[in-house]
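Please open the structure in your viewer and keep the selection tool at hand. The stops below say what to select next and what is there.

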Amino acid sequence: MVAELTVDEAQENTRESRSPSQDAIREFRRNKVAVAGAIFIVALVVAAFIAPLITPYSHETQNVSNNRARPMEGYVITTDFAAQNCHWYGTPLEWGCTISFVGSDTLGRDLWSRVVYGTRVSLAVAVVAATVSLTIGTTYGIISGYAGGRVDNFMMRIVDFLYALPTLPIIILMTFYFQQVGRRGEEAGAAANFLININQAMGGLFFIFIVIGALFWLGMARLARGQVLTYKQQEFVQAAEAMGASDNRILFRHLLPNIIGPLLIAESLAIPGYIFLEAFLSFIGLGVQPPRPSWGAMINEGYQGLRSAPWLVLVPGIALMLTTLAFNFMGDGLRDAFDVRLRGR
Amino acid sequence: MVNYIIRRILIAIPVLLLMVMATFALISAVPGGPFDTSGQKKMPDHIAAIMERQYGLDKPLWEQFARYLGRLVQGDMGPLMQSRVQDVNDVVSQTFPVSLQLGVMAVFLGLAVGIPAGIIAALRRNTIIDYTATFFAVLFASIPNLVLAPMLILIFAVALDWFPIAFWGADPPFILGIFPKPTSEFFHHAALPVVVLGMGSAAVVTRLTRAGLLDVLSADYIRTARAKGLRERAVIVVHALKNSLIPVVTIMGPLFAAAVTGSLIVEQIFAINGMGRRFISSLGEREYFLLTGLTLIYGAILIGANLVVDILYAWLDPRIRYD
């Protein structure tokens, strides 16, 4: 005789259901390296916000008599040293011995402080450029993919043309243009002046973000279009059309939530590129304006003294490298976690 | 196939034209000119007017562009404004071979290191060799050029003194215009820049080759080949390799683009007299013609590289036919 379950027993025997994103998060947490990357990034974000609390100096305090100090120089705290260098600065967390953990640069500015303040610039670039390129690219891609036909053809022709442009020279030219316009603001009109003021307020970051986002949305657009083409034929879209939903509604209520996953992952994998691009632009002098610190600018300043004072280049360089590594590991982990074929390996 | 190539080349011409127009407009829109009467270069006004008339900079923009195009189809890329002895063609013939050598060697290094490493990693899957190769691949794919270069310089050039810190080991004139004299000094100087530029490509190629070969090795036709009794090497080289390289060829277009982009960075760091360094240093001097010409060359290189990659793709995968 076949054993029969009562309703209660059957309910006890079923596991609670898990959504796909919960599965993905579980998979992500099994990837130790990716988790380490994510933790590092969270630490960076926290450090960017509480920068004044964890740095002994501001990013622009110069102490010219202490320039090119080696890392940890003078760290042996004798009583004489303490009497000379340890102060109370009046605010709860600015206390202690003002030593340079990792050295100081040619103008005597503390490297640790500059690196920590530099995380603000790098994270700002990452977030804003990624948002801009994601927004433009997704919108463009889903409109093109959903419209289909000649509109799609035409829009993709434009993307193909823009793909042929050499990105770095064009980016350098555009950044140079914005920098020069920002410096000679008196020649521009009222609207341009307004934008220039915003740019100045953000230390020259605003235009760079626009430039980077304006040239990197192409990959996003292609990806979004491919995803839309895949989903367009599925039944739920056809059902929505049959029920008379407007195009807008179909695009944004039905298609977008389904395709946003791979797009976000692709964008997070592109973030190291944005950070590096900002660093390079600062390296050649086109990035954020001094004295606001950027890791690329620090590498540039320290490059002259590479032989005699290598820490001037190594400290921002290691910071840049760790940040890039963290984003790459986290992005890889995210991509693998959401890839159904890799489950259970 | 020939039709396809001709069509691609014909389409490339308006693309390049639009690119030149956009670049020209962008550069001309930058405030300030090469003969500024304000700022540090205090040139008297009337002299500045004469100089601008000499180079046609007082004409309206479309007329400047038309004159530029007219010169361009005759092969003249325009004059330099800071030098009376050289013009843009001279600068290009000096710097283009250097950039070409750097880029080609870097891509070659990327493939020559990446493909064998990927193959070995795939064949010795989940062993220590595989883990090491994958680890280094991820590492080098993530380290930016800007950081890798000073590190390698510090280790190999400053501490060990094996390689020189800067400059390219070959100066113009070159053999046949583009080939360097293969002296030991050339390879000595070229080692660090090429390694910096090529390591990122090598890392990506390693991962792709490994993934591609792993996919192919689990396919049915490989099982058949093994069941037939072929030696393992024959199985891999004759049957598996060509198909596993398809993802690599797919990425060779972006790889060339990355080499072009990265060469700008590497040239700046190593003070190599290539196109990228001249590009950056001529920004401040507002060398309109040089900047436009260099951007045009970069664009042409990219379009050409993409075309070559597409042809290679069709050769590797007979199922792909361009009609």
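What follows is a tour of a predicted model, with one selection at each stop.

**Confidence**

Begin by colouring everything by pLDDT, and keep in mind that the model as a whole scores ipTM 0.85 and pTM 0.83. Chain A has a mean pLDDT of 77, with 75% of its residues reaching 70 or more, while chain B averages 83, with 97% of the residues scoring at least 70. Among the elements of chain A, select strand β2 (residues 95–97), which has the lowest mean pLDDT at 49, and then α3(A), which has the highest at 88. Two stretches of chain A call for care: over residues 74–78 the pLDDT stays under 50, and the model has five contacts beyond four places in sequence for them. Over residues 90–95 of chain A the pLDDT is likewise below 50, and this stretch has four contacts in the model beyond near neighbours in sequence.

**Chain B on its own**

Hide chain A for a moment and look at chain B, which has 13 helices and zero strands. The C-alpha trace of chain B spans about 85 × 55 × 35 Å along its principal axes. Of the 323 residues in chain B, buried residues make up 38%. If you consider the contacts in chain B with a separation of 6 or more, residues 24 or more positions apart account for 72% of them.

Still in chain B, select B:Glu287, which is found in the loop between α12 (275–281) and α13 (288–316) of chain B. Is B:Glu287 buried or exposed? Since 25 other C-beta atoms lie within 10 Å, B:Glu287 is buried. Not counting residues up to four places away in sequence, B:Glu287 touches B:Pro34, B:Leu80, B:Met81, B:Gln82 and B:Ser282. For a sense of distance, add B:Thr206 to the selection: its C-alpha atom and that of B:Glu287 are separated by 41 Å, and the two residues are 81 apart along the chain.

**Where the chains touch**

Bring chain A back and select the residues that join the two chains, where 34 residues of chain A are in contact with 34 residues of chain B. On the side of chain A that touches chain B, α8 (167–183), α13 (247–283), α14 (295–303) and α15 (311–338) of chain A each supply at least two residues. The largest share of that side, ten residues, comes from α8(A). By type, the residues of the side of chain A that touches chain B divide into 25 nonpolar, six polar and three charged.

Select α8(A) by itself next. Because 14 of its 17 residues are buried, α8(A) is largely enclosed by the rest of the structure. The end C-alpha atoms of α8(A) are 24 Å apart, which agrees with the 24 Å that its 17 residues should span at 1.5 Å a residue.

Then move to A:Met321, found in helix α15 of chain A. With 20 other C-beta atoms within 10 Å, A:Met321 is buried. Which residues are in contact with A:Met321, leaving aside its neighbours within four places in sequence? They are B:Ile143 and B:Val147.

**The nonpolar core**

The largest nonpolar core has 156 residues, and those with the most contacts inside it are A:Tyr274, A:Phe280, B:Leu146 and B:Phe256. The largest share of this core, 15 residues, comes from α15(A). Select B:Leu146 to see part of it in detail: leaving aside neighbours within four places in sequence, B:Leu146 is in contact with B:Ile265 and with residues of chain A, including A:Phe276, A:Phe280, A:Gly296 and A:Leu320.

**A helix with two sides**

Finish at helix α3 (residues 32–49) of chain A, whose 18 residues should span 26 Å at 1.5 Å a residue, in agreement with the 26 Å between its end C-alpha atoms. The buried residues of α3(A) are A:Ala34, A:Gly37, A:Ala38 and A:Leu44. These buried residues cover an arc of only 115° around the axis, which puts them on the same side of α3(A). They pack against α2 (20–30), α6 (111–147) and α15 of chain A. Turn the view to the other side of α3(A), where A:Lys32, A:Ile39, A:Val42, A:Ala43 and A:Val46 are exposed.

Note on methods:
Residues are numbered from 1 along each chain as its sequence is written. Chains are lettered from A and ligands numbered from 1 in the order in which they are written. This is a predicted model: local features need pLDDT of at least 70, side-chain atom pairs count only at pLDDT 80 or more; totals for chains, interfaces and linings use all residues. Two residues are in contact if their C-beta atoms, placed from the backbone, lie within 7 Å. Helices (H or I, at least four residues) and strands (E, at least two) are DSSP runs, numbered from the N terminus. Ala, Val, Leu, Ile, Met, Phe, Trp, Tyr, Cys and Pro count as nonpolar, Asp, Glu, Lys and Arg as charged, and the others, Gly among them, as polar. The expected span of a helix is 1.5 Å times one less than its number of residues. A residue is buried if 20 or more other C-beta atoms lie within 10 Å of its own, exposed if 12 or fewer, and partly exposed in between; C-beta atoms are placed from the backbone. A nonpolar core is a set of buried Ala, Val, Leu, Ile, Met, Phe, Trp, Tyr and Cys residues joined through C-beta atoms within 7 Å. The arc is that of the directions from the helix axis to the C-beta atoms. pLDDT is the predictor's confidence in each residue, from 0 to 100.
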